[in-house]
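Here is a short briefing for a first look. Keep the sequence and the 3D view side by side as you read.

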Amino acid sequence: MKITDALLGEHAVFYAQFDRLEEILPAMERVEVVRELGAMLAAALASHARLEDDLLFSLLDSRLGRDAGPLGVMRMEHEQIELDLQRSMAAGSAREAREALLRAIEEARSHFAKEEQVVFPMAEAHVGAAGLRTLGEQWAAARAVVVATEPAALR
Ligand SMILES: [Fe+2]
Ligand SMILES: [Fe+2]
């Protein structure tokens, strides 16, 4: 399995969480609950961004040069999303926490779209299927999931 397929699967699960959060957040009045929702999303999003950065983006850096093409912007967006999630966790009022969390979700949606439309196809072109499968194995080890080995004939 290619790492890009694994990351796309993670995006899909995040989209479901984003939808649910956008639905329930506007009516949430308790700041501690909103902060905790922000913390839950941050835990998952931070590890997603770190795996992209450590595995996929660093290999692209080595092939194309540090922060080539959209990679610099992608890294900045990781930081911006993280910052807004931190803001939601540290907010003093429910409104402030909701606004920061909704902003992080909006930023993440647009960031994911760029990865899906630009970065992952770029990785396919510059790293190739075999390289992406090697990174897929590292992703599986980092996420502690078992990926069945495909018979060579099916690859
Ligand atoms: Fe990302
Ligand atoms: Fe991503």
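Four residues of this predicted model supply the protein donors of the iron ion (ligand 2): His-11 (NE2), His-48 (NE2), Glu-52 (OE) and Glu-115 (OE). They lie 1.9 to 2.2 Å from the ion. Glu-52 also bridges to the iron ion (ligand 1), and the two ions lie 3.4 Å apart.

**The iron site**
- The arrangement around the iron ion (ligand 2) is irregular, because the four donor atoms subtend angles of 86 to 177 degrees.
- Along the sequence, the donor residues of the iron ion (ligand 2) follow the spacing H-x36-H-x3-E-x62-E.
- His-11 sits in helix H1 (residues 3-24) and Glu-52 in helix H2 (residues 31-64), so this pair ties together parts 41 residues apart in sequence.
- His-11 is buried, because its relative accessible area is 0%.
- Glu-52 is buried too, with 0% relative accessibility.

**The nonpolar cores**
- In soluble globular proteins, nonpolar side chains tend to be buried together.
- The largest nonpolar core here has 21 residues. Phe-18, Leu-25, Leu-41, Leu-45, Leu-85 and Leu-101 touch the most other members.
- H1, H2, helix H3 (71-90) and helix H4 (94-143) each supply at least two residues of this core.
- H4 gives the most, with seven residues.
- Beyond its neighbours within four places in sequence, Leu-25 contacts Val-34, Leu-37, Arg-98, Leu-101, Leu-102 and Ile-105.
- Another core, of 19 residues, lies apart from the largest one. Its members include Leu-51, Phe-120, Leu-132 and Leu-135.

Technical notes. Residues numbered from 1 in each chain as written. Chains lettered and ligands numbered in written order. Predicted model: local features only at pLDDT ≥ 70, side-chain atom pairs only at ≥ 80, totals over all residues. Heavy atoms only, no water. Donors = N, O, S within 2.8 Å, 3.2 Å for Na, K, Ca; no water. Tetrahedral: all angles 85-135°; square planar, octahedral: opposite > 155°, others 65-115°. Helix = DSSP H or I, 4+ residues; strand = E, 2+ residues; numbered from the N terminus. Buried < 20%, exposed > 50% of the residue type's maximum accessible area, 1.4 Å probe, protein only. Core = buried A, V, L, I, M, F, W, Y, C linked by side-chain atoms within 4.5 Å. Contact = heavy atoms within 4.5 Å.
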